Amino acid sequence: MTLTLDNQSPIKESSLTQALRHIQQLNSKITVLEQHHQDYVQKQQNLIAAIAEICISPIQEVQALRILICWGEAACRQYLRSVLVKRKKAF
């Protein structure tokens, strides 16, 4: 009976070690995802601030936000560049 328990102990330790390693890997992935999320939020906040600064009319702001929501950051930045170009041409 003692031999059976001794034989199973390394297996249990191995399973526990594997479980601990998986938990550590998941924690690392969670940390990376949290950082990506924080970066994304910061970019969105910067973009919204740029929308408020660049757009002259409320209609332009709404359009920029609509583009941001529907088509994403790149399309919104492109729209903001077009607003700036149009403004420079007008002056």
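**Helices H2 and H3 and their shared core**

Mentor: Happy to start with H2: this helix has 14 residues and runs 19 Å from first C-alpha to last, close to the 20 Å expected at 1.5 Å a residue. The expected span is 1.5 Å times one less than the number of residues, and helices are DSSP runs (H or I, at least four residues) numbered from the N terminus. This is a predicted model, where local features need pLDDT of at least 70, side-chain atom pairs count only at pLDDT 80 or more, and totals for chains, interfaces and linings use all residues. Residues are numbered from 1 along each chain as its sequence is written, and side-chain values use heavy atoms, leaving out hydrogens and water.

Trainee: Which residues of H2 are buried?

Mentor: Buried means under 20% relative accessible area, exposed over 50%, partly exposed in between (1.4 Å probe, protein chains only). By that cut-off, the buried residues in H2 are Ala-64, Ile-67 and Leu-68. They lie on the same side of H2 because their arc, taken from the directions from the helix axis to the C-beta atoms, is only 100°.

Trainee: Which exposed residues does the face of H2 turned away from its buried side carry?

Mentor: Good one to check on the model. On that face of H2, the exposed residues are Pro-58, Ile-59, Ile-69 and Cys-70.

Trainee: What is the phi of Gly-72, just after H2?

Mentor: Gly-72 is also a contact of Ile-67, with contact meaning heavy atoms within 4.5 Å. Its phi is positive, at about 100°.

How values were computed. Helix = DSSP H or I, 4+ residues; strand = E, 2+ residues; numbered from the N terminus. Lists of a residue's contacts leave out its neighbours within four places in sequence.
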